[in-house]
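New to this one? Have a look at the sequence and the model first, then use the notes below to find your way around.

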Amino acid sequence: MTRKVADCRRFPSESHCTLTISGEEEEVLKAATEHAVSVHQHKDSPELREQLRNFLEDEKSTA
């Protein structure tokens, strides 16, 4: 399974967040949603989760 990455640096924010989350898609989606709600004050919703899922990228292999 391809690992996914959510990288806050791709999206400008007032907090200048630099968090990067990587792992299996559902793990990353859950963590990214929790982060978006707790740090960036987004409201957890199906729409937010879909937006985050669309922002995920495949992790580039370092090996």
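Here's a quick tour of the sheet, the helix that packs on it, and a pair of rings. Keep in mind that this is a predicted model.

**The sheet**
- Three strands make up an open sheet, in the order E2-E1-E3, and their pairing is antiparallel.
- E2 and strand E3 (57-58) sit at the edges with a single partner strand each, so one side of each has no neighbour in the sheet.
- E1 and E2 run antiparallel and are joined by four bridges.
- Want a spot to look for? Asp-7 has Thr-20, in E2, as its bridge partner.

**The helix on the sheet**
- Helix H1 (residues 25-38) packs on the sheet, where it touches E1 and E2.
- The direction of H1 makes about 155° with that of E2.

**The ring pair**
- The count of aromatic pairs comes to one.
- That pair is Phe-11 with Phe-55, and it's a tilted one: the rings are 4.5 Å apart centre to centre, with 45° between the planes.
- Phe-11 lies in the loop between strand E1 (4-7) and strand E2 (20-23), while Phe-55 belongs to helix H2 (residues 46-55), so the pair ties together parts that are 44 residues apart in sequence.

**How exposed are Phe-11 and Phe-55?**
- Phe-11 counts as partly exposed, because its relative accessibility is 32%, which falls between the cut-offs of 20% for buried and 50% for exposed.
- Phe-55 is partly exposed too, with a relative accessible area of 35%.

Conventions. Residues numbered from 1 in each chain as written. Predicted model: local features only at pLDDT ≥ 70, side-chain atom pairs only at ≥ 80, totals over all residues. Heavy atoms only, no water. Phe/Tyr/Trp six-rings, centres within 6.5 Å; stacked < 30°, edge-to-face > 60°. Helix = DSSP H or I, 4+ residues; strand = E, 2+ residues; numbered from the N terminus. Buried < 20%, exposed > 50% of the residue type's maximum accessible area, 1.4 Å probe, protein only. Pairing = 2+ DSSP bridges. Contact = heavy atoms within 4.5 Å. Axes fitted to C-alpha atoms, helices over the stretch in contact; angles between N-to-C directions.
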